[in-house]
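Thanks for coming. I will go through charged side chains first and pockets after that, so please look at the model on the screen.

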Amino acid sequence: MEITPLPPTAKGPDAMFTGDVWFDVLAAPPVPARIRVNTVRFAPGAHTFWHRHARGQTLHVTEGTARVGTRDGRVLEVRRGETIWTPPGEWHWHGAAPETFMTHLAMWEVADPDEGPDTEWAEAITDDEYGA
C-alpha cells in the first residue's frame, strides 16, 4: 500500500477540448489496476470533442451543470449530484452549460490491448450540436 502523489493540474489540449478545461488525475494506478479517475473542470461553454470509450465512462457532476451530447442529436443536462453513464463505444461529448463552470469526476476502465485505445478522439462538435 502506498500514497500516490497528485500530479499537477493539467490544461486540456486544444486537440480534444473547445474552451478552457483543466484536469487533475486522481487515480491512474499501474497494471493490474484498471480504473482511471480524473476531476475535470470546464469554464462556461467549454466542452470536449467527440470521443468514445472502449469500456464506457461514468461522469458524476460535482459543480454546475453539464451538457452531454450523442450522435443522434440528444443533448442532456446533468446537474450537480447527478451521474450519467455513456456505454462502451458510444460517441459523445460533454462540457459546461454556457452560464456556469462545471466540474465532474470522469471514471473509466482501461481497455484490454485487443480492444484498441481506452479513449478514441474525433472532430470538434459544432455550435449547433452544443446548443441542440
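With which residue does Lys11 form a salt bridge? The partner is Asp20, and the closest N and O atoms are 3.1 Å apart. Before I go on, please keep in mind that this is a predicted model. Are the two partners buried or exposed? Neither word fits, because Lys11 has a relative accessibility of 40% and counts as partly exposed. Asp20 is partly exposed as well, with a relative accessible area of 38%.

In total, the structure holds 11 salt bridges. The general idea is simple: side chains of opposite charge can pair when their charged atoms come close.

Let me take a second pair. Glu63 and Arg41 meet through their side chains in a salt bridge, at 3.0 Å from N to O. This pair links distant parts of the chain, with the two positions 22 residues apart in sequence terms: Glu63 sits in strand 7, residues 57–63, and Arg41 in strand 4, residues 35–42. Glu63 is partly exposed at 29% relative accessible area, and Arg41 is partly exposed at 33%.

A third pair is Arg79 with Glu77, a salt bridge of 3.3 Å, N to O. Here Arg79 has a relative accessible area of 43%, which makes this residue partly exposed. Glu77, at 36% relative accessibility, also counts as partly exposed.

Some of the salt bridges join up. Which residues are linked in a network? They are Arg34, Arg55, Glu109 and Asp112.

Now for an arginine without a partner. Arg36 is found in strand 4. Arg36 is buried, yet this residue has no salt bridge. How far away is the nearest side chain of opposite charge? That side chain belongs to Asp118, and the distance is 5.4 Å. A salt bridge needs the side-chain nitrogen within 4 Å of a carboxyl oxygen, so a distance of 5.4 Å does not qualify. Leaving out residues up to four places away in sequence, Arg36 touches Ala27, Ala28, Pro29, Ala106, Met107, Trp108 and Val110.

Compare Arg80, in the loop between strand 9 (75–79) and strand 10 (83–86). Arg80 is exposed, with a relative accessible area of 63%. Its contacts, again leaving out residues up to four places away in sequence, are Val61, Thr62, Glu63 and Gly64. Glu63 is the residue that pairs with Arg41. From Arg80 to Glu109, a member of the network, the C-alpha to C-alpha distance is 23 Å, and the two are 29 residues apart in sequence.

On to the pockets. The largest pocket has a volume of about 290 Å³. How many residues line the largest pocket? There are 17, and Met16, Phe17, Asn38, Trp108 and Trp121 lie nearest its centre. Trp108 is also one of the residues that Arg36 touches. At least two lining residues come from each of strand 4, strand 6 (51–53), strand 12 (102–109) and strand 13 (119–121). By type, the lining of the largest pocket has 9 nonpolar residues, 8 polar and no charged.

The second largest pocket holds about 200 Å³ of space. Among the residues lining this pocket are Glu2, Thr4, Leu6, Val25 and Pro30. Ala27, Ala28 and Pro29 belong to the lining too, and Arg36 touches these three residues. The lining of the second largest pocket divides into 9 nonpolar, 1 polar and 1 charged.

Note on methods
Residues are numbered from 1 along each chain as its sequence is written. This is a predicted model: local features need pLDDT of at least 70, side-chain atom pairs count only at pLDDT 80 or more; totals for chains, interfaces and linings use all residues. Side-chain values use heavy atoms; hydrogens and water are left out. Buried means under 20% relative accessible area, exposed over 50%, partly exposed in between (1.4 Å probe, protein chains only). Helices (H or I, at least four residues) and strands (E, at least two) are DSSP runs, numbered from the N terminus. Lys and Arg count as positive and Asp and Glu as negative; His and the chain ends are not counted. Contact means heavy atoms within 4.5 Å. On a 1 Å grid over the protein atoms alone, a cavity is a set of points where a 1.4 Å probe fits but cannot get out, and a pocket is an open set with protein on both sides within 12 Å along at least five of seven lines; lining residues have an atom within 4 Å of a point. Grid points are joined across faces, edges and corners, and a volume is the space filled by probe spheres set on the points. Ala, Val, Leu, Ile, Met, Phe, Trp, Tyr, Cys and Pro count as nonpolar, Asp, Glu, Lys and Arg as charged, and the others, Gly among them, as polar.
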